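Below are my notes on the model you sent, set out as numbered points. They begin with the contact between the chains and then move to other parts.

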Amino acid sequence: MLVLPSAILLFAFVLYPSGVAIYTSMTNLSLTGPAALNPRFIGFDNYTKLFSDHTFWRSLVITFWFVLFSAIIGQLVLGLLSAILLKRQFALRPFFNAIILMPNAVPGVVAALMWSSMLASGEYGTLNKIVAWFGVDPQRWLVTFPLSMIIVVNIWRGIGFAMILMNSGLSAISEELYEAARMDGATTWQAFRKITLPLLVPTIFLYLLVSTVTTIAIFALIYALTRGGPAGATEIVGIYIYNQSFGSYQLGYGSAIAVVLLIFSLIIGTFYVRALKVEV
Amino acid sequence: MGTIVLNQVRKSFGGHEVIKGADIRIEDGQFAVFVGPSGCGKSTLLRMIAGLEDISGGEFLLDGKVMNDVSPEQRNIAMVFQSYALYPHMTVAENIGFSLDLKKTPKAEIKRRVGEIAERLQLTPYLNRKPSALSGGQRQRVAIGRAIIKEPSVILFDEPLSNLDAALRVQMRAELQELHRSTGATIIYVTHDQVEAMTLADQIVVLKDGQVMQTNDPIGLYKEPENTFVAQFIGSPKMNLFPAKVESVAGDVVRIRTDAGWPIDLPAIEGLRAGPVQLGIRPESLTLAAPHEPAEIETRTVLSERLGMETYISFETGGEPGIARVPGDHSLPSGTPIRLAVDPSACHIFDNDGRAIRSQSA
Ligand SMILES: Nc1ncnc2c1ncn2[C@@H]1O[C@H](COP(=O)(O)OP(=O)(O)O)[C@@H](O)[C@H]1O
Ligand SMILES: [Mg+2]
C-alpha cells in the first residue's frame, strides 16, 4: 500500500511514456504525409535501418567523445581539483566558489547565448579579442574546433556540480587519517593517491553515474550553439534524435534511436551502480 | 635514544595561548604520562612533539637536537591516535605496513615484518580484515602495530583507552606496559584519568590550563603534592582541604586549628608561621575512633557509601563536606555523630595560594 503513490508516479511518468516511445518506434509515424494520419506498425524495421545508418553511428561516437572529455575527464578532474584547492581558507575563497558554481545555475540556453557571443567569429567575438592580445588572428571557433568548443563549454558548466559532490566526499574523510599518514611519512601526493583517491571512489562512481547519464541527454546547450553542425560535427545522439524527429519529421525513427539510447543509458547506469555496490 | 626536553614551550591558537611555557624533561626509555583535566592542553602538547602542530615559542629537543622545524616523519616519533585513525580501505596488514610501503620497502620484507608485529600483537588471524570488521581492542592493537613497525624512539599515545570498556582497559594497560618493556622506547601517554596515570607511569606530568603543575613519579606525587591542584587531582576520593589557622608553634609541635574548631597537632615544619593555611588530609588518612580512643575530629555524618570492604563517609565541616575512607563496612545513617582520628604524619599544609609548605627534609 505504501508503494502505491510511487508506483502510480512511476507508471505515469516513466513506464507509460517509455511504452509509448517503444510502440512509436515500431511504427512509421511521421509529422507529414500519409504516415502522419495513419501510422503503420512496421515491427523492427526502424531498428534494422538504424544498424546501417552511418549518421547514427557517427553521432554515437561523437556522444562518446563528448561524454568522455567533458564529463568524465574535464568536469571530474577540474571539479576534484577545485574541491581540494577550495578546502583551504583564503581571502578570495568565496569569490572563486561563486565563479565555479554560477555556470551550474544558468539555464542551458542562456549559457549557450553567453558562449555564442564569447565564441563569435570576427574581431568582435570576446575570445577573439582576448587572443588578439597575444597576436593570434580571429578564429571561427565553432566552425574550426566545434567539438572541442562544446566540450569546453560543457566542462565550464559542470565543474560546479562535480566540485560540490567531491567536496562532500572529501569532507567525509577524517583529518586524523591525513595526520596518521603524515606520521607514517606520506608526502602530499602519496596521501592523495593512497588515502584520498581510494576513499573517494564511491563518490566518484556516484558522480559518473549522474553525469554520464545527464551528459548523454544534453540537448539545449548544444542545439542553441551549433544545432549539431557544422556538417554534423557536434551532432550528439540527443541532437540527432531531434533532427530526425522534427527536422526530417520521422517520429517513429526518432523514437527508435531514443529507445536505443535509453538502453545504453540503462546499461551504463547498471554498471556504475554495480560498481558502487549500493542498493538503489 | 629518546630523551625529550621541552624548554618554555608555548602554543597559541589565533592569539589565544593554550600552552603557557611548559618545561618538561623525559629521560630515554621512560614511560611518561601527561595527565590533567579535559581541555588543559595535553593533546596540543603531544601534537607539538609529534610535529603535527607548530611550536609557537620555546624549544623541543630530542636527544639534544632542536626539533621545532623538523617534519613529523623525520623525528622518529610514532603516534597512536585517540580514535585510532586506521585507514578504513586497507586491511590490517596494509595498515601496519603502510609506512614501509611508502618508503618502497620490498614486498617480501614488508610481509615478514608485518608478520612479526602481528604475531607479537596477536593479530595474525585478522591480517586480511578491514578495520571495520575488528573489535575496539583489536583496532587498538593495529594502531599500536602501525606505530611500532617504524621502530620509533618515542611513541605517543593520546587517550588510547578512552574508547574501550573497563575490563578491556585493564587488560590493555598490562599490554602497554609489556610493550614498553619489549620496545624500550620512550613513551608519552596522555590521559585525563589519574588511575591510568598512576598505574602506568614512571613519571607523571600534571597539567592545568596549559601549565605544568608538577612532575614526579606516581608515589612522589601522591605523597608530596606541591600544590592543592595536584593534591586533589591525584588520589580518589580527592584530598580534603580544610581552611585552618596555625595557632602555635611550640618546640617540635605545631598546633593547627581548622575553621570548624578541630585542633590538630603536627610535627614542626620549617618556615611555618602563625596565620591562615589550608590543611590537606587524604580520606584514607582518617580513621574511625572507638569511644575510648583519642580523636581530633568530632562531627556528624552526611552520607555513607558502603562498598563492602570499605566505607566512604561524608561528614559535616561547616563548609563543603569532608570525606573519610575507612576499612570495613559501617552502617552510619545521615546525622550519626562520629569521631575521626587523624594520622599527623600524613597531613599536608598549603598556603593560601595553594602552594605546599613542607620541611626540606620531609
Ligand atoms: N586547532 C585548534 N584551534 C583552536 N583552539 C584549539 C585547537 N586545538 C586545541 N585548541 C584549544 O586548546 C585547548 C587545549 O586543547 P587540547 O590540547 O585538545 O586539550 P586536552 O587534550 O587536554 O583535552 C582547548 O581550550 C582547545 O579548545
Ligand atoms: Mg585531548
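1. Between chain A and chain B there are 3 salt bridges. One of them is formed by the side chains of Lys194(A) and Asp101(B), with N and O 2.9 Å apart. This is a predicted model, and the distances quoted in these notes should be read accordingly. Polar contacts between chain A and chain B add up to 11 residue pairs, both residues of each pair being at pLDDT 80 or more.

2. On the chain A side, two elements supply at least two residues each to the surface that touches chain B: helix H10 (175-183) and helix H11 (188-216). H10(A) gives the largest share, 7 residues. Sorted by class, this side of chain A holds 5 charged, 2 polar and 8 nonpolar residues.

3. How many residues does each chain bring to the contact? Chain A brings 15 and chain B brings 25. The area that chain A and chain B bury between them is about 1,800 Å², and carbon and sulfur atoms account for 60% of it.

4. Chain A itself contains 14 helices and 0 strands. Read from the N terminus, its elements therefore need no strand symbol: the order is α-α-α-α-α-α-α-α-α-α-α-α-α-α. Along the principal axes, the C-alpha atoms of chain A fill a box of roughly 75 × 65 × 35 Å.

5. Two domains are assigned in chain A: domain 1 covers 17-52 + 251-280, and domain 2 covers 54-249. Domain 1 is thus written as two segments, 17-52 and 251-280. Over C-alpha atoms, the centres of domain 1 and domain 2 of chain A are 28 Å apart. Their contact involves 22 residues of domain 1 of chain A and 20 residues of domain 2 of chain A.

6. What area is buried between domain 1 and domain 2 of chain A? The value is about 1,900 Å², with 79% coming from carbon and sulfur atoms. The rule finds 0 salt bridges across this interface, and 3 residue pairs in polar contact, both residues at pLDDT 80 or more. For the contact between chain A and chain B, the corresponding entries are 3 salt bridges and 11 residue pairs in polar contact.

7. Which elements of domain 1 of chain A give two or more residues to the side that touches domain 2 of chain A? They are helix H3 (45-51) and helix H14 (251-276) of chain A. The largest share of that side, 15 residues, is from H14(A). By class, the side of domain 1 that touches domain 2 of chain A has 16 nonpolar and 6 polar residues, and no charged ones.

8. Over all chains, the whole structure has 20 salt bridges. Among them is the pair Arg58(A) and Glu235(A), whose closest N and O atoms are 3.6 Å apart. This pair links distant parts of the chain, the two residues being 177 residues apart. Arg58(A) sits in helix H4 (residues 54-85) of chain A, while Glu235(A) is in the loop between helix H12 (220-225) and helix H13 (237-247) of chain A.

9. Ligand 1 is surrounded by residues of chain B: Phe13(B), Val18(B), and the run Ser38(B), Gly39(B), Cys40(B), Gly41(B), Lys42(B), Ser43(B) and Thr44(B). Backbone atoms of this run approach oxygen atoms of the ligand. For Gly39(B), a backbone N or O atom lies 2.6 Å from an oxygen atom of ligand 1. For Lys42(B), the distance from a backbone N or O atom to an oxygen atom of ligand 1 is 2.9 Å. A polar backbone atom of Gly41(B) is 3.0 Å from an oxygen atom of ligand 1.

10. Two backbone features of chain B deserve a look. Most residues other than glycine have a negative phi, and most peptide bonds are trans. Ser236(B) and Pro237(B) are joined by a cis peptide bond, with omega about -5°. Pro237(B) is located in the loop between helix H8 (228-233) and strand E11 (240-250) of chain B. Asn76(B), a residue other than glycine, has a positive phi, near 60°. The loop that holds Asn76(B) runs between strand E5 (65-66) and strand E6 (77-80) of chain B.

Notes:
Residues are numbered from 1 along each chain as its sequence is written. Chains are lettered from A and ligands numbered from 1 in the order in which they are written. This is a predicted model: local features need pLDDT of at least 70, side-chain atom pairs count only at pLDDT 80 or more; totals for chains, interfaces and linings use all residues. Side-chain values use heavy atoms; hydrogens and water are left out. Domain bounds come from an automatic or database domain assignment. Contact means heavy atoms within 4.5 Å. Buried area is the accessible area (1.4 Å probe) that two parts lose on being put together, summed over both. A salt bridge is a side-chain nitrogen of Lys or Arg within 4 Å of a carboxyl oxygen of Asp or Glu. A polar contact is a pair of N or O atoms within 3.5 Å; within protein, one must be able to donate a hydrogen and the other to accept it, and residues adjacent in sequence count only if both atoms are side-chain atoms. Helices (H or I, at least four residues) and strands (E, at least two) are DSSP runs, numbered from the N terminus. Ala, Val, Leu, Ile, Met, Phe, Trp, Tyr, Cys and Pro count as nonpolar, Asp, Glu, Lys and Arg as charged, and the others, Gly among them, as polar. A residue is near a molecule or strand if one of its heavy atoms lies within 4 Å of it.
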